[in-house]
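Thanks, everyone. I'll walk through one chain this morning, from the overall layout down to single residues. Please look at the model while I talk.

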Amino acid sequence: MRWSTRSETGKKKQKAMRALFCFLSLGFLIGLSNCLGLSVFANLYNIETDVAGGIAATSDGNVWFISAADEISKLAVDGSITAYTYTPTSVGLAGPLIVGPDGNLWTSSYDDSEIIMMTTSGVFSQYTTAGGCVSLTNGPDGNLWFVDQGTSKIGKITTTGTITEYSIT
C-alpha cells in the first residue's frame, strides 16, 4: 500500500489537472460545447452540474463551463473551482459557451432571445436579439455570429454589443 500525505481534495485536483492536460493535448476540449461534451467533462472531474451547457478554455489555461441554469464556473489551473452567478431576466443560460475575440465568455439564454457576455472577472452583460439565438461562433472579422432562428436571419454582434442581422431568405 502506498502512503501519501496529500489530501483527497488535493488528489482530485491533481487528477483533474492531469485529465485536463490530456484533453488539451488531444485537442478535444476546445469546441466541446455540446451536452455530451460537458457530461463527459463533469464526470471526469467529479463535478456536479445541473445543466449540460457549454464548455470553453481561455488562453490563461482556465476551463469555463455552464454549471447551472444561472451559473458559469471556472476550473482554474491550480484545480480550484469558482462559480459566477448570473441573475437572468430570461430563463437562464443555455450554451454554447465560447471565448470571444475580446477574451470574454459568450453564451445564450434558454429562451434564446438573449446573448450573454461574461468577463473573466464575473461581470455579466446581456444583449437582446430579435428572435432566437440558437448558435454562436467567432467570425474572422472580430465579431461573434449567430443564427436568429425566430427571424430566419444570420446575426452578428460586436464585442461592444451592437447587433446587426441579415436576411437569409
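The chain has two helices and twelve strands. Bear in mind that this is a predicted model. In sequence order, the pattern is α-α-β-β-β-β-β-β-β-β-β-β-β-β.

Some totals for the chain. There are 169 residues, and 42% of them are buried. About 8,900 Å² is exposed, with carbon and sulfur atoms supplying 54% of that area. Now contacts. Take those with a separation of 6 or more: 29% of them join residues 24 or more positions apart.

Let's start with strand S2. How many residues of S2 are buried? Six of the six, so S2 is largely enclosed by the rest of the structure.

S2 has pairing to describe as well. Strand S1, residues 55-57, pairs with S2 in the antiparallel sense, over three bridges. In that pairing, Ile 55 has Phe 65 of S2 as its bridge partner. The hairpin of S1 and S2 has five residues between the strands, and Gly 61 there takes a positive phi near 95°. S2 is also joined to strand S3, residues 71-75, by five bridges, and these two run antiparallel. Look at Ala 68: opposite it, in S3, stands Glu 71.

Next, the nonpolar cores. The largest has twelve residues, among them Trp 64, Ile 66, Ile 72, Tyr 86, Ile 116, Met 118 and Phe 124. Which elements give two or more residues to this core? They are strand S2, 63-68, and strand S7, 114-118. There is also a second, separate core of ten residues, and it includes Ile 98, Ile 115, Tyr 127 and Phe 146.

Stay with Tyr 86 from the largest core for a moment. Leave out residues up to four places away in sequence. Tyr 86 then touches Asp 70, Leu 93, Glu 114, Ile 116, Phe 124 and Gln 126. Of these, Leu 93, Ile 116 and Phe 124 also belong to the largest core.

Now move along to the sheet made by S9, S10, S11 and S12. This is an open sheet of four strands, in the order S9-S10-S11-S12, with antiparallel pairing. Which strands sit at the edges? Strand S9, 133-138, and strand S12, 163-167, each pairing on one side only. From one strand to the next, the twist averages 25°.

Let's step across this sheet. S10 and S11 pair in the antiparallel sense over five bridges. Trp 145 has Lys 156 in S11 as its bridge partner. The S10 and S11 hairpin has four residues between the strands, and Ser 152 in that hairpin takes a positive phi near 55°.

One step on, S11, residues 153-157, pairs with S12, again antiparallel and over five bridges. Here Lys 156 has Thr 164 in S12 as its bridge partner. So much for Lys 156; Ile 157 stands opposite Ile 163 in S12. Five residues lie between the strands in the S11 and S12 hairpin, where Gly 161 takes a positive phi near 100°.

On to the rings. A search of the whole structure finds four aromatic pairs. I'll show one of them, Trp 145 with Tyr 166. The ring centres of Trp 145 and Tyr 166 are 5.9 Å apart and the planes are at 25°, so this pair is stacked. The cut-off for stacked is planes under 30 degrees apart. The pair links distant parts of the chain: Trp 145 is in strand S10, residues 144-148, Tyr 166 is in strand S12, and 21 residues separate them.

Are these two rings' residues buried, exposed or partly exposed? Trp 145 has 24% relative accessibility and counts as partly exposed. Tyr 166, at 36%, counts as partly exposed too.

Last residue: Ser 167, also in strand S12. How far is Ser 167 from Ser 152, C-alpha to C-alpha? The answer is 6.5 Å in space, with their positions 15 residues apart in sequence. Setting aside residues up to four places away, Ser 167 touches Ser 152 and Lys 153. Ser 152 is the residue with the positive phi in the S10 and S11 hairpin.

That's my tour. Let's go to discussion.

Definitions and conventions:
Residues numbered from 1 in each chain as written. Predicted model: local features only at pLDDT ≥ 70, side-chain atom pairs only at ≥ 80, totals over all residues. Heavy atoms only, no water. Pairing = 2+ DSSP bridges. Axes fitted to C-alpha atoms, helices over the stretch in contact; angles between N-to-C directions. Phe/Tyr/Trp six-rings, centres within 6.5 Å; stacked < 30°, edge-to-face > 60°. Buried < 20%, exposed > 50% of the residue type's maximum accessible area, 1.4 Å probe, protein only. Core = buried A, V, L, I, M, F, W, Y, C linked by side-chain atoms within 4.5 Å. Contact = heavy atoms within 4.5 Å. Areas by Shrake-Rupley, 256 points an atom, 1.4 Å probe, with all protein chains shown as cover.
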